[in-house]
Amino acid sequence: MRIPRPAVFLLSSLLTAAAAGAQTRDVKKIYGDFCANCHGASFEGGSAPSLAAGVWKHGGDEASVTRSIRDGYPQAGMPPWNAILSGAETHALVVYIHEQVVARERQHLTFAHPADNLTAQSELYAYRLETVIPGLQEPWSIAFLPDGRTLVTEKKGTLRLVENGRLQEKPVADVPAVDTGGQAGLFDVVLHPDFAHNGWIYLAFADPKKSAEGRNVAMTKIIRGHLRDGALVDQQTIFQAPLETYRPAGGIHFGGRITFDRQGHVFFSIGERGTKENAQDLTRPNGKIHRLQDDGRVPADNPFVNTPGADPSIWSYGHRNPQGLVYDAATNELWETEHGPRGGDELNLIRKGLNYGWPVATEGIDYDLKPITYMEPSGQRTPAVTTKDGMEPAVIDWTPSIAVSSANIYTGDLFPKWKGNLFAASLAAQELRRLELKDGKVVHQEIIFKGIGRLRDAITGPDGSLYVLLPDRVSRMIPADAK
Ligand code: HEC
């Protein structure tokens, strides 16, 4: 290998740049200024090896790459960068390098693109995808009634009914008005675990209101009601946030998933609504997983019922935009998925009263490749770290992000080897992922298919097939040899 320019020279010329300000610099520029010389302008390698090949001499995991960059290998011509790059900048570089690796890998991998009635192969099963409910607009969630009817929410605020296999033209009447701009909409529809006896249907949606200043604001709200004569009747509010926690209408990060545990508690997720600091603020419902009795009363054993000022329905906090939430009845575990920023999508195992870190501890960085920063209560702006004592690390961190949208446990009989696996759907990456769980860890991950549309949900149907919600329809996966 050609001997690179002496590290000493590089160091002296660059120290000025570091001293220039505590401001974090653009990571692409850092790479171009400090690394491209040796590692190649397009990561192709040069006097030094390519950093995008996925082949590592000193280890490719987060900690190893960070160490390589900070300490360097001066004997081998790799300068140490710890005097020049801040911790946050180094972290941003590691994320950026990992994005290149994944991009390269994906160029060489092919994924199944199942189309109607064509057989596709996954690791454990050959399957077919077939359309069951066409003619939908951005379906968000599906619920199967014991009498064979099906309810589907559409983001645009309509609750649709499928009867005798046919999508009814008229949406269910008397569903509350819903804010539908931006990420707002009608979200989850879930049946009470004892629906057969009590008929309760739970809905999560972006509730539109006027703020005290007269601005249009919205916040995630949970209600329940009965379906009677094509209308949602007997409506009761299960959770409504105080008006001052509502954020601009048509905004971001509503969460909006609902799940029940064995004892009949209702859990639901609310995103931080775009003000990330709120995720750490126990007086606000934003950026939290909540737990209530099925009728909305606060359980006496919730973690913050005795904390002065705290919202008593909070079960866990430090969440960004949790759009997946599922209780696994077989293991008594509560699983959550949430959207990170750039990188830092998470699968979390939710436990009572714990802090899941956002925005203080995250693997993600900002969309402009700058580190995440947040405002301390003192008014000081602080860069995020990747891990912190007292904050739960994710079970899985997806960096680069896949835009994970849902989590469900497969409980059917049609694919016996999938039983107990967690299926995560994704929007931007358009992936269906199967995760094998063991003792609160993920022991294997498979991308079942990719690239047939933004995937909002994947959930077991009463027939044992796996229903997937695509942008314009609901389809189901059945074994290839099924009739
Ligand atoms: C003067 C040339 C030079 C510059 C500039 C340089 N590197 Fe390196 N880098 C090397 C060489 C040579 C190696 C191989 C070291 C070895 O073989 O042990 C290396 C190795 C590495 C490794 C370890 C790779 C592995 O296989 O484990 C990483 C990570 C890395 N560099 C990142 C960076 C980053 C990020 C920058 C910019 C901040 C940078 N390097 C700038 C020369 C350079």
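This section describes the ligand site, the two largest pockets and selected local backbone features of a predicted model.

The ligand is surrounded by a shell of 22 residues, among which Cys35, Cys38, His39, His58 and Met78 come nearest. Three polar approaches to the ligand can be specified at the level of atoms. A polar side-chain atom of histidine 39 is placed 2.7 Å from a ligand nitrogen atom. Histidine 58 likewise contributes a polar side-chain atom, which lies 2.7 Å from an oxygen atom of the ligand. At lysine 57, by contrast, the atom concerned belongs to the backbone: an N or O atom there lies 2.8 Å from a ligand oxygen atom.

In terms of secondary structure, at least two residues of the shell are supplied by each of the helices α2 (27-39), α3 (62-71) and α4 (87-108). Helix α2 provides the largest share, with four residues. The composition of the shell by class is 17 nonpolar, four polar and one charged residues.

The space taken by the ligand corresponds to the second largest pocket of the model. The volume of this second largest pocket is about 590 Å³. Its lining comprises 30 residues, and those nearest the pocket centre are His39, Pro49, Leu51, Tyr73 and Met78. Two or more lining residues come from each of α2, α3 and α4. Helix α2 gives the largest share of this lining, namely five residues. By class, the lining of the second largest pocket consists of 21 nonpolar, eight polar and one charged residues. His39 and Met78 thus appear both among the residues that come nearest to the ligand and among those nearest the centre of the second largest pocket.

The largest pocket encloses about 900 Å³ of space. It is lined by 36 residues, and Val190, Asn408, Thr411, Ile459 and Thr460 are the closest to its centre. Strands contribute to this lining: β3 (139-144), β7 (186-191), β12 (258-260), β16 (321-328), β22 (404-409) and β26 (457-460) each supply at least two residues. The lining of the largest pocket contains 21 nonpolar, nine polar and six charged residues. The count of charged residues is therefore six in the lining of the largest pocket and one in that of the second largest, under a classification in which Asp, Glu, Lys and Arg are charged.

Beyond the pockets, a charged side chain was found in the interior. Glutamate 431 belongs to strand β24 (residues 431-438). Its relative accessible area is 0%, so glutamate 431 falls under the 20% limit and counts as buried. The side chain of glutamate 431 is joined to that of arginine 433 by a polar contact of 2.7 Å.

Several backbone features are also noted. Most residues other than glycine have a negative phi, and most peptide bonds are trans. Two cis peptide bonds can be described against this background. One joins tryptophan 358 and proline 359, with omega about -5°; proline 359 is located in the loop between β18 (345-350) and β19 (373-375). Another joins threonine 399 and proline 400, with omega about 0°. Proline 400 also occupies a loop, in this case between β21 (396-398) and β22.

Positive phi values occur at two non-glycine residues described here. Glutamate 138 has phi near 45° and lies in the loop between β2 (126-133) and β3. With a relative accessible area of 46%, glutamate 138 is partly exposed. For aspartate 234, phi is near 55°. Aspartate 234 is part of strand β10 (residues 231-239), and its relative accessibility of 35% makes aspartate 234 partly exposed.

A further loop position concerns proline 193, which is situated between β7 and α5 (195-198). At 52% relative accessibility, proline 193 lies over the 50% limit and therefore counts as exposed. The C-alpha atoms of proline 193 and phenylalanine 260 are 7.1 Å apart in space, although the two residues are separated by 67 residues in sequence.

Technical notes
Residues are numbered from 1 along each chain as its sequence is written. This is a predicted model: local features need pLDDT of at least 70, side-chain atom pairs count only at pLDDT 80 or more; totals for chains, interfaces and linings use all residues. Side-chain values use heavy atoms; hydrogens and water are left out. A residue is near a molecule or strand if one of its heavy atoms lies within 4 Å of it. A polar contact is a pair of N or O atoms within 3.5 Å; within protein, one must be able to donate a hydrogen and the other to accept it, and residues adjacent in sequence count only if both atoms are side-chain atoms. On a 1 Å grid over the protein atoms alone, a cavity is a set of points where a 1.4 Å probe fits but cannot get out, and a pocket is an open set with protein on both sides within 12 Å along at least five of seven lines; lining residues have an atom within 4 Å of a point. A molecule sits in a cavity or pocket if more than half of its atoms lie within 2 Å of its grid points. Grid points are joined across faces, edges and corners, and a volume is the space filled by probe spheres set on the points. Buried means under 20% relative accessible area, exposed over 50%, partly exposed in between (1.4 Å probe, protein chains only).
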